[in-house]
Amino acid sequence: MKNLLDKFLKMDRRYIFFLVALGVIIPLIVPIGLPVDITKPVKDVYDAIDSLPEGSYVIISLDYDPATIPELDPMAYAILRHCFRKNLKVITMTLLPAGPGVAEMATKTCAKLENKKYGEDYVFLGYKVGVSAVILGIGEDIRIPFPQDYYGTSIDDLPMMKGYKNYDDTEIVITISGTNVPASWVAYAHQRYHVNVASGVTAVMAADFYPYLQTGQMVGLIGGLKGAAEYEKLVGVPGKAFVGMDAQSIIHSLIIILIIIGNIAYFIVRKSKKEGVG
Amino acid sequence: MKRELPLFICALMGITMIIQYFIPHPYSIKFYQTVIGWFIIIMTFAFVLGIMSIARVHWNKVSRKQKDWFYSLVALISLSVTLFVGFAFGIERGKPFMLIFEYIQVPMESTMFSLLAFYIASAAFRTFRARTFEATLLLIAAVIVMLGRVPIGYMISSKIPAISGWILDIPNLAAKRGIMIGVGLGSISMGLKIILGVERSWLGTIGGE
Amino acid sequence: MRLIWSLVFILMVLTVGSALCTDETPSPPATIVVSDKGSDDGSKLRVEWSPSPDEKSTNPVLRVERYRIMRREIGGQFEEVEEVFVGEGMEKGRYIYIDSNLQLGKRYIYRVYSVSEKDVVSKGYAGGSSVPVANLFNVERLNVLIFIVAFAGLFIYFYRRAKGGVELYVRPIAGLSAVDEAIGRATEMGKPILYISGLSTVDDISTIAAITILGRVARRVAEHETKLIVPNYDPVVMLVEQEVVKQAYLEAGHPDAYSDDIVFYITTRQFSYVAAVDGIMVREKPAANFFMGYYFAESLILAETGAATGAIQIAGTDAVTQLPFFITACDYTLIGEELYAASAYLSKDPLQLGTLKAQDYMKLAIAVIMGIGIITATFGLNWFQRLFVAR
């Protein structure tokens, strides 16, 4: 028994990889449909957008690159679709050099799904270098960092941008990022220009932004795939995050089971060794 | 002179930028923006040197047919082809450069990122042992937070997400803030040491020699 | 009798009529002061006014709901700048509005009107003008200056004490004590040592700390004639590290053993870099891995791959989110500022140890200030916290 447990403790990690692979693939093929509970930070973001009157301007900064697409795309899509359904005027942009492709794809896909027209319902400004400089520039006049949109059209030639100047005309800024960029949005856009800021971040980064939630510097926070699944449920657009929750639940449970069995085996082996020595 | 000049420039620019932080005058801001501009230019030139470095390393491996030289050949060919198509056809969407990025690089990067799922499982199994009191505490907190972040935790008990949230909001945040304060002070100390010339390792010398 | 009733009727009509056809408007603010904001680049003015007496009026026609701020330049027309609602932006019983995006040296004229709930605008206004001035010192950052001076003072004090020969105690750090063990192990096994200085740029303090440790590791590696592999994420960092390692080999007396291939650049793409380093680990099978500097999500991929190859691993990072992964997968981890302390620890240089002491005393001071802050905040004395707000 002791030898068996010892072997188990030293087992080739590829067996674990195999179990993880099964744990991810099976729920994606055969969905379980586990219920998703809604947490307050995510609900706060939803309520902040839902309470906006039609025609309100929102800035959505998609500050992530292809590596974090699996975790951040679902929340980006859910938020974009929510804004479009509320008939808000959506301005999308990115502060990451590798972001334009991802941001453009998300914007255009959601606009198409919600039958929105470019230039009238939404605009995509693309990427500009210098995180703080861009955020501060928008505070004065969006035409300072973005005289044109991503496609080279002058801002003033876009119907929905007539009459829009800066954060004073903006109801909320939503930043979706796998980096520390949301901290810059809070520091410059919220602190200096008093515009509401909400964030969607990866699960690992979410813990870093709880202080901003506590102090009220962020109106809400969507953390990781679970947060994205919650938002999809609120908006009524179950997508990749919702489906991913089953897989994530299985994997988390698998890890916990492995840890528990590993600890039991460890204590039994340690006890036998002590008895053997004694 | 080889060491004195860089030390002097470092001290001068360091003290100047500290003073600049306290001067809101437009001339001060213009100076700051100029320095940032210089920095970007220097970084860009350094990229050229970086490409030369990687090309030389892999070329040496290929030409000397050292172990695994084939991988170096693949690296060199990839570098050359990407550079060529970027310069020849541009980098707009739909051009070969972006096709390489979207259909080769992006999937490969996502694949590497996805390794985390497997490695977290194997690392957790290998190392999460209740050897000491602290390790046990870590173990219990990790289990609660893992369950709290997925629907299955809520199904087991509605209290689990709440406790998980408390762990993240209170003890986790307190520890993080403590570390961040220490890191902040360490950064200031390191910065002062570099500006005052106490720390000279960045010059290629070791420990102020 | 009829005459009296007629007179009463006419009087009533006149009274009611005058009330209905009233020309009353809310009272404007009594006083206004327009001045340069101060501590800025000359693009802001401060408009300060007293509340209108009609803020608490019972008549909704007169009860002030908001204030309308109008502005014009010399020779220009008045334009509305902002509307400030009652109660917003008040300090010590007066309204404060900061008008920004102005031109340095130009005179701006302001008028503040009261506007009632029924959108009736006051006939009168409070008016003032001023010229924005660029300032040479940002008073709002005085607290930062005091902190820097205090810290620099402590720094210099302990520096001089150490220079004067006073021995300063520093607690042992396991990760740094294990550096020699790791290098010795690699030498015995005849396997290389892998050193990574993080995925950040040279202006990051943690990268500089990593470069410092590399210098010392490289010297010991050169003395033992072990192979060193230093793949880089950033080309500027690569250039600096080449100089550091070259110098280390020179000082160890083995200049011929150095080659530029020891320190090389891979790529500035996160996961491409990780893939390359993982490949090096699997092919070269280093006996010791050093992960020093700033890391992102790739930290566990690096550490776990290294663990799979059986290497002894020492990590050090100030990336708080990645610490749990390194602690789990590595044999030793330097947490946060321990990475910065490594330079002092490895050199045992009294001057460097002196700076560590300064840090520790500053931390103590911060802890005391936080304690005072908690007590004052509990009793609602918020002025203490405001002393530490950074703008």
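These legends accompany several close-up views of a predicted model.

In this predicted model, local features need pLDDT of at least 70 and side-chain atom pairs count only at pLDDT 80 or more, while totals for chains, interfaces and linings use all residues. Residues are numbered from 1 along each chain as its sequence is written, chains are lettered from A and ligands numbered from 1 in the order in which they are written, and side-chain values use heavy atoms, with hydrogens and water left out.

**View 1. Chain C meets chain B across an interface of about 6100 Å².**
Here 78 residues of chain C touch 63 residues of chain B, where contact means heavy atoms within 4.5 Å. Of the buried area, 70% falls on carbon and sulfur atoms; the term stands for the accessible area (1.4 Å probe) that two parts lose on being put together, summed over both. Look for Phe271(C), Arg283(C) and Glu304(C): they supply 9% of the area that chain C buries against chain B, more than any other three residues.

**View 2. Salt bridges and polar contacts link chain C and chain B.**
The rule finds three salt bridges across this interface, a salt bridge being a side-chain nitrogen of Lys or Arg within 4 Å of a carboxyl oxygen of Asp or Glu. Arg56(B) and Asp261(C) form a salt bridge through their side chains, at 3.8 Å from N to O. Eleven residue pairs, both members at pLDDT 80 or more, are in polar contact across the interface. That term covers a pair of N or O atoms within 3.5 Å; within protein, one must be able to donate a hydrogen and the other to accept it, and residues adjacent in sequence count only if both atoms are side-chain atoms. Helix H5 (residues 235-251) of chain C gives the largest share of the side that touches chain B, with eleven residues. Helices (H or I, at least four residues) and strands (E, at least two) are DSSP runs, numbered from the N terminus. By class, this side of chain C has 42 nonpolar, 18 polar and 18 charged residues. Ala, Val, Leu, Ile, Met, Phe, Trp, Tyr, Cys and Pro count as nonpolar, Asp, Glu, Lys and Arg as charged, and the others, Gly among them, as polar.

**View 3. Helix H9 (residues 337-347) of chain C is largely enclosed by the rest of the structure.**
Ten of the eleven residues of H9(C) are buried, which means under 20% relative accessible area, with exposed over 50% and partly exposed in between (1.4 Å probe, protein chains only). Among them are Tyr340(C), Tyr345(C) and Leu346(C). Just after the helix comes Lys348(C), with a positive phi near 55°. For chain C as a whole, 49% of the 391 residues count as buried.

**View 4. Ile104(B) sits in helix H4 (residues 96-127) of an all-α pattern, α-α-α-α-α-α-α.**
Ile104(B) is partly exposed, at a relative accessible area of 45%. Its C-alpha atom and that of Glu134(B), 30 residues apart along the chain, are separated by 44 Å. Chain B has seven helices and zero strands. Its radius of gyration is 26 Å, well over the 17 Å that the globule rule gives for 209 residues, so chain B is more spread out than a compact globule. The radius is taken over C-alpha atoms, and the rule is 2.2 Å times the number of residues to the power 0.38.

**View 5. Asp47(A) and Lys43(A) pair within helix H3 (residues 40-50) of chain A.**
Their closest N and O atoms are 3.0 Å apart, and the two residues lie four residues apart, about one turn of the helix. Asp47(A) is partly exposed, at 32% relative accessible area, and Lys43(A) is likewise partly exposed at 32%.

**View 6. A salt bridge joins Asp208(A) to Lys176(B).**
The closest N and O atoms are 3.4 Å apart, and the pair crosses from helix H8 (residues 203-215) of chain A to helix H7 (residues 159-195) of chain B. Asp208(A) is partly exposed at 22%, whereas Lys176(B) is buried at 9%.

**View 7. Glu140(C) and Lys37(C) bring two loops of chain C together.**
Their side chains meet in a salt bridge of 3.0 Å, N to O. Glu140(C) lies in the loop between strand S8 (126-130) and helix H2 (142-163), and Lys37(C) in the loop between strand S1 (32-36) and strand S2 (45-49), so the pair ties together parts that are 103 residues apart in sequence.
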